[in-house]
Amino acid sequence: MPIRLKAVSSLAVAFAVFGATAAPQAALALAPAATRSGPPANALPYDARRGVFSFAPDLEGSLPAVVQVTTLGQSRGPSSDAADPKPYASGSGVIVDAAEGILITNNHVVEGGRKFTIDLTDGRLFNATLIGADKATDIAVLKITPDGRPLNLKQVQTVDSDTLRTGDLAFAVGYPLGLDQTLTMGVVSGLNRSGLGDAVEDYIQTDAAVNSGNSGGPLLDSRGRLIGINTSILSGGMGGGNDGIAFAVPTRIMLYVADQIRKYGEVKRGETGAVFGSLSAKRARELGLGIVRGAVVADVAPGSPAERAGLRLDDVITRIQGRPVANAGAINATVGIAAPGSTLDLIYLRDGRERTTALAVETPQTQPIILGASAAVAYGATLRDQDGAVQLTAVEAGSPAAQAGLTAGDLITAVDGRTTTDAAAVVAALRAGTGAVDLTVMRNGEPQKLTLQPPPAL
């Protein structure tokens with residue numbers, strides 16, 4: 001009968017060859033592990049007293065910082081009592097500041113809640129207040145409410161997620177599927193994952209088992225340090241369970257968001273005025289490029305930081321802040337955690353040639369009229385020069401321009417009876433107006449008379 005060989009890990013080989021009670025030195029050379037104090041630099045963590053390989057000594061210090069978060073809200077039943085909130089969501093969280101009782105979880109765990117309770121590993125139960133949440137990154141910050149008892153909390157140590165490498169060991173901790181605190185192990189399967197939605201995404205991918213109830217819990221490295229917050233899974237199964245693809249918000253993003261929430265109760269974001277799309281193989285061929293990773297500039301707002309940085313349509317961003325750009329998500333994630341007033345270094349391609357620029361991140365503009373180098377924005381309409389006239393290329397829904405009846409494709413030929421041949425002339429005429437402005441536009445070859453009424457506050 002033929003013998004079938006089965007692939008096993010180096011750790012299994014060590015046990016099979018040397019046995020659980022053998023001297024660990026013989027097995028150490030088989031599989032190097034993370035550097036830690038005590039054993040040699042290239043050593044698996046070994047518990048000499050029990051004669052087993054174990055990550056428990058480094059992980060046990062972090063486990064008391066992992067808590068269960070229960071969100072309570074009004075019952076939707078016919079006899080609901082508004083004064084008696086009922087549990088309707090449960091997830092996990094991790095304490096990052098023991099002195100202040102601050103913990104991190106997911107926004108979707110606490111969203112819509114009126115009251116929050118925190119279960120600690122020692123059996124104690126506390127109430128918590130929501131300091132703030134950020135839907136774009138799915139991060140929420142809670143503060144445990146003291147009730148006269150000593151808190152005596154434990155906090156997790158945090159490490160910079162930019163130091164991670166694909167293949168690093170990763171441990172997910174939480175309260176999945178109604179179970180008590182559960183630890184699962186895997187590896188960092190990938191980094192800088194995005195394109196899963198329209199949020200600020202730069203996920204760590206792991207195959208550590210993550211299921212319902214793990215949301216908001218920590219992803220730890222092999223030394224028990226926080227590297228991310230578990231937030232979602234990609235599942236192809238009927239039950240939506242774990243298929244070995246889970247995603248965590250890296251500490252690089254989590255720390256910025258949590259700091260903003262603790263300071264302001266929200267995340268204050270800036271803008272660049274550029275819209276990016278992911279570079280596809282088809283788009284790369286159209287642009288004559290030999291790459292398929294990058295972010296394509298799809299739009300540049302007039303007068304925006306992106307326009308001042310010299311960016312144009314179809315420029316392809318390849319690096320931002322020294323980090324490679326795989327797709328538009330990489331740009332959005334970096335801009336999403338850049339404070340207003342900061343500057344981002346870009347490397348991009350135009351006509352196949354590499355260029356560099358500095359892109360400012362600024363506080364969002366509230367001006368109703370902005371004139372740029374090649375276009376303008378006025379009362380929700382984007383204007384561009386077009387063959388001796390001014391064409392509307394976009395009209396924001398619900399804006400004064402939309403309420404006046406303007407639509408994309410209209411050509412503005414006159415403002416208050418004065419002929420206009422470029423966007424600058426239209427802007428000057430609109431700024432000179434003190435109330436309602438009469439516009440003459442050409443639509444499908446026919447002249448139209450419309451009246452634009454600026455908002456009273458403007």
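A residue is called buried when its relative accessible area is under 20%, and by that rule 44% of the 458 residues of this protein are buried.

**Figure 1. The whole protein, a predicted model, before we zoom in.** Welcome to the overview. The chain forms ten helices and 28 strands. Among contacts with a separation of 6 or more, 54% join residues that are 24 or more positions apart. The protein exposes about 22800 Å², and carbon and sulfur atoms supply 51% of that area. The views that follow visit a helix, a cavity and several single residues.

**Figure 2. Helix α8, residues 328–336, is largely enclosed by the rest of the structure.** How many of its nine residues are buried? Eight of them are, so the helix is largely enclosed. Those eight are Ala328, Gly329, Ala330, Ile331, Ala333, Thr334, Val335 and Gly336. Their cover includes one helix, α5 (251–264). Strands β15 (274–278), β16 (295–300), β17 (316–320) and β19 (343–350) are also among the elements that cover them. At the N-terminal end of α8, look for Asn327, which acts as a cap. A side-chain oxygen of Asn327 lies 3.1 Å from the backbone nitrogen of Gly329.

**Figure 3. The largest cavity has a lining made of nonpolar residues.** The protein has four cavities of 30 Å³ or more, and the largest cavity holds about 60 Å³ of space. Which residues line the largest cavity? They are Ala378, Ala381, Leu383, Leu392, Leu406, Ile412, Val426, Leu430, Leu439 and Leu452. By class, this gives ten nonpolar residues, with no polar and no charged ones. Strand β23 (381–386) and helix α10 (423–432) each supply at least two residues of the lining.

**Figure 4. Val390 is a buried residue of strand β24.** Strand β24 covers residues 389–395. The relative accessibility of Val390 is 0%, so this residue counts as buried. Leaving out residues up to four places away in sequence, Val390 touches Leu383, Arg384, Asp410, Leu411, Ile412, Thr421, Asp422, Ala423 and Val426. Three of these names may be familiar from the previous view: Leu383, Ile412 and Val426 also line the largest cavity. Follow the chain from Val390 to Asp410 and you pass along 20 residues in sequence, while their C-alpha atoms are 8.2 Å apart in space.

**Figure 5. Ala408 sits in the loop between α9 and β25.** Helix α9 spans residues 400–403, and strand β25 spans 411–415. Is Ala408 buried or exposed? Its relative accessibility is 52%, so Ala408 counts as exposed. Beyond its neighbours within four places in sequence, Ala408 is in contact with Leu392, Thr393, Ala394 and Val395. Ala408 and Thr382 are 26 residues apart in sequence, with 8.6 Å between their C-alpha atoms.

**Figure 6. Asp351 and Tyr379 both have a positive phi.** Most residues other than glycine have a negative phi. Asp351, which is not a glycine, has a positive phi of about 55°. Tyr379 also has a positive value, near 50°. Both residues are in loops: Asp351 is between β19 and β20 (353–360), and Tyr379 is between β22 (375–378) and β23. Their surroundings can be told apart by accessibility. Asp351 has 74% relative accessibility, so it counts as exposed, whereas Tyr379 has a relative accessible area of 10% and is buried.

**Figure 7. Asn107 is a buried residue of helix α4.** This helix covers residues 107–110. What is the relative accessibility of Asn107? The value is 8%, so Asn107 counts as buried. Apart from neighbours within four places in sequence, the residues in contact with Asn107 are Ala133, Asp134, Lys135, Asp138, Ile139 and Ala140.

**Figure 8. The side chain of Ser54 reaches a backbone nitrogen.** Our last stop is the loop between β2 (52–53) and α3 (56–59), where Ser54 has its place. The side chain of Ser54 reaches the backbone nitrogen of Ala56 at 3.0 Å. With 15% relative accessibility, Ser54 counts as buried.

Methods: Residues are numbered from 1 along each chain as its sequence is written. This is a predicted model: local features need pLDDT of at least 70, side-chain atom pairs count only at pLDDT 80 or more; totals for chains, interfaces and linings use all residues. Side-chain values use heavy atoms; hydrogens and water are left out. Buried means under 20% relative accessible area, exposed over 50%, partly exposed in between (1.4 Å probe, protein chains only). Helices (H or I, at least four residues) and strands (E, at least two) are DSSP runs, numbered from the N terminus. Contact means heavy atoms within 4.5 Å. A polar contact is a pair of N or O atoms within 3.5 Å; within protein, one must be able to donate a hydrogen and the other to accept it, and residues adjacent in sequence count only if both atoms are side-chain atoms. On a 1 Å grid over the protein atoms alone, a cavity is a set of points where a 1.4 Å probe fits but cannot get out, and a pocket is an open set with protein on both sides within 12 Å along at least five of seven lines; lining residues have an atom within 4 Å of a point. Grid points are joined across faces, edges and corners, and a volume is the space filled by probe spheres set on the points. Ala, Val, Leu, Ile, Met, Phe, Trp, Tyr, Cys and Pro count as nonpolar, Asp, Glu, Lys and Arg as charged, and the others, Gly among them, as polar. Accessible areas come from the Shrake-Rupley method with a 1.4 Å probe; for residues, only the protein chains shown count as cover.
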